[in-house]
Amino acid sequence: MKLLKKIVFIVVGLIAVIAIGLYLFLAVRESRSKGGLVHQESEYVIKVAVDKILTDIAWNAISNPGTYFGKDSTDTTSDGKSSRNLGISIPANVYMFALKDEEETWYTWFSVENQEQLQGFVRTELGIDSTGIEKENDFWWINGKDNRVVLLGDSKNVLVALSFDKKDKKAAMLKIWEGRTTAMVPIKTLTEFSFENTADIEWKQKGNDADANLSFKKGMITANWSLSNDILRLPQQANVRELPPSNVLNVYCQADIRPVLEKYENRLQRYNIPVDTLKNYYGGYMDIQWRANDVLQTDSIIAYDYDENFNAIEKKEIREEAVPNILFTFNASPHLAGYLPEKMFYKFYKRIEGKQIGLSTDANGKNEFPYVSTDHAFLLSYTRNETAQRHLSWLSQFDRVEKVEISGRGGEVANSFKGEVKLREYGIHALYQLLN
């Protein structure tokens with residue numbers, strides 16, 4: 001009995017020592033990460049709590065060993081990513097920043113541990129050979145396809161740019177790189193970007209009430225964010241159509257979109273969007289429905305057959321196809337219907353009733369729903385449906401999503417949104433589900 005007590009005390013002591021050591025290790029990493037560098041003129045900053053995410057996954061793995069460790073050993077990290085040294089030092093928190101009027105490009109700064117390993121990893125991920133590395137003086141470049149991922153680095157540091165646009169990043173990145181000794185400052189020195197340390201990912205805008213956070217939990221993802229009225233104006237009390245809850249997807253939005261049209265006018269016009277017409281004639285309300293059952297559409301196509309002399313004979317064939325039952329509805333001046341295409345992946349039938357314009361894949365679809373008063377001027381609600389999954393099979397990870405709900409309310413200064421995504425495995429960490 002005494003021996004058993006000693007063993008228990010030793011085991012408990014070892015666990016306590018390990019726990020304290022791990023706590024101190026994480027605390028030191030957390031403290032050091034506050035020295036992470038961002039540009040002193042950053043307009044936006046995103047914080048990714050790497051250690052918090054990994055710690056949550058580790059605890060979840062302990063309580064669900066069958067899910068995390070029960071796979072066939074031959075089915076583990078076939079691409080070797082988990083064991084590959086990235087060649088950079090990953091801090092407890094990664095900070096990404098964007099400059100004013102350049103919010104489509106986000107930058108982040110890392111310390112380099114092994115230059116060759118980093119270059120090798122990036123080349124493999126981007127699918128380029130050694131000629132994809134450009135060298136100039138003491139630094140080097142790696143430019144991904146369409147300029148969406150670009151790296152500028154030397155043997156000690158690397159500046160990474162992630163972007164939604166295809167613009168050349170070299171001049172902008174060189175400007176940051178050349179001024180790094182004065183322009184790049186520790187995040188803790190920028191008091192306008194103070195983070196709460198409660199979410200996995202946090203986003204803030206300089207000198208503005210706009211912010212957002214995202215958390216990965218067991219079986220779900222939650223998000224909250226605010227958006228300034230200078231971009232989008234939601235009313236505090238809205239009148240929206242009462243859409244059927246049986247639909248796969250319901251979306252409605254009552255909003256004044258003129259601020260966003262004015263802010264991004266040049267960008268929208270590049271995609272042939274009639275900004276001036278929308279500002280003048282859009283009625284401020286739209287909704288989208290994806291109904292549970294498919295509809296059949298017929299289409300005639302030209303095919304060719306051959307006679308005995310191998311002469312081509314043209315013939316028409318009628319094809320019938322099951323397509324999603326989708327209905328778009330807008331409040332707008334009727335003449336805007338002329339801007340709406342009749343085919344977007346599927347054939348859409350137009351219906352104009354007063355100031356209401358409808359586009360539907362169902363030629364006989366009902367589109368009369370009563371208006372109700374609500375303090376939610378925006379709503380997106382999706383419920384998993386087996387029929388709909390056939391049309392979403394190209395989104396491999398989306399099959400794991402059970403339900404999505406995002407709602408938004410108007411305010412005097414900013415709009416507030418909250419979202420929740422429920423996944424099929426309720427007890428498993430959401431990020432692990434989405435990445436495996």
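With a relative accessibility of 40%, R424 counts as partly exposed, and this residue makes a convenient entry point to a structure that is a predicted model. R424 takes part in a salt bridge with D399, in which the closest N and O atoms are 3.9 Å apart. The two residues belong to distant parts of the chain, since D399 sits in the loop between α10 (386-391) and β24 (401-409), while R424 sits in the loop between β25 (414-423) and α11 (430-435), 25 residues apart. The points below place this pair in its network and then turn to the rest of the chain.

**Salt bridges**

- D399, the partner of R424 in that salt bridge, counts as partly exposed because its relative accessibility is 30%.
- Through salt bridges that share partners, R384, E386, D399, E402 and R424 are joined into one network.
- Within this network, the side chains of R384 and E386 meet in a salt bridge with an N to O distance of 2.5 Å.
- The two residues of that pair stand in opposite classes, for R384 counts as buried at 14% relative accessibility, whereas E386 counts as exposed at 53%.
- Elsewhere, K169 forms a salt bridge with D165, the closest N and O atoms being 2.9 Å apart, and here both K169 and D165 are buried.
- Across the whole structure, a search finds 17 salt bridges.

**Overall layout**

- The chain has 436 residues, of which 39% count as buried, and it contains 11 helices and 25 strands.
- Taken along the principal axes, the box filled by the C-alpha atoms of the chain is roughly 80 × 70 × 65 Å.
- Among the contacts in the chain with a separation of 6 or more, 62% are accounted for by residues that are 24 or more positions apart.
- The chain is divided into domain 1, made of residues 34-63 + 86-202, and domain 2, made of residues 211-435.
- The centres of domain 1 and domain 2, taken over C-alpha atoms, are separated by 33 Å, and the contact takes 11 residues from domain 1 and 13 residues from domain 2.

**Nonpolar cores**

- The largest nonpolar core has 39 residues, and those with the most contacts inside it are Y68, L234, C253, M286, W290, F378 and Y382.
- The element that gives the most to this core is strand β16 (residues 282-306), which contributes five residues.
- Because domain 1 and domain 2 both give residues to this core, the core lies between them.
- Another core, of 23 residues, lies apart from the largest one, and its members include F139, W177, F193 and F195.
- Y382, one of the residues with the most contacts inside the largest core, touches V248, L249, Q389, L392, F398, V401, E402, K403 and V404, when residues up to four places away in sequence are not counted.
- One of these neighbours of Y382 is E402, which also belongs to the salt-bridge network described above.

**Aromatic pairs**

- The whole structure holds 12 aromatic pairs, according to a search.
- W225 and F417 form a pair that is stacked, with 5.4 Å from centre to centre and 5 degrees between the planes.
- W225 lies in strand β13 (residues 220-228) and F417 in strand β25, so this pair ties together parts that are 192 residues apart in sequence.
- Of these two residues, W225 counts as partly exposed because its relative accessibility is 28%, whereas F417 is buried, with a relative accessible area of 9%.
- A cluster is also present, in which ring pairs link Y44, W106 and W203.

**Helix α5**

- In helix α5 (residues 170-178), the buried residues are M173, L174, I176 and W177.
- Seen down the axis of α5, these buried residues fall within an arc of 160 degrees, so they line one face of the helix.
- On the other side of α5, the residues A171, K175 and E178 are exposed.
- W177, one of the buried residues of α5, is also among the members of the core of 23 residues.

Note on methods
Residues numbered from 1 in each chain as written. Heavy atoms only, no water. Core = buried A, V, L, I, M, F, W, Y, C linked by side-chain atoms within 4.5 Å. Buried < 20%, exposed > 50% of the residue type's maximum accessible area, 1.4 Å probe, protein only. Helix = DSSP H or I, 4+ residues; strand = E, 2+ residues; numbered from the N terminus. Domains from an automatic or database assignment. Contact = heavy atoms within 4.5 Å. Salt bridge = Lys/Arg side-chain N within 4 Å of Asp/Glu carboxyl O. Phe/Tyr/Trp six-rings, centres within 6.5 Å; stacked < 30°, edge-to-face > 60°. Arc of directions from axis to C-beta.
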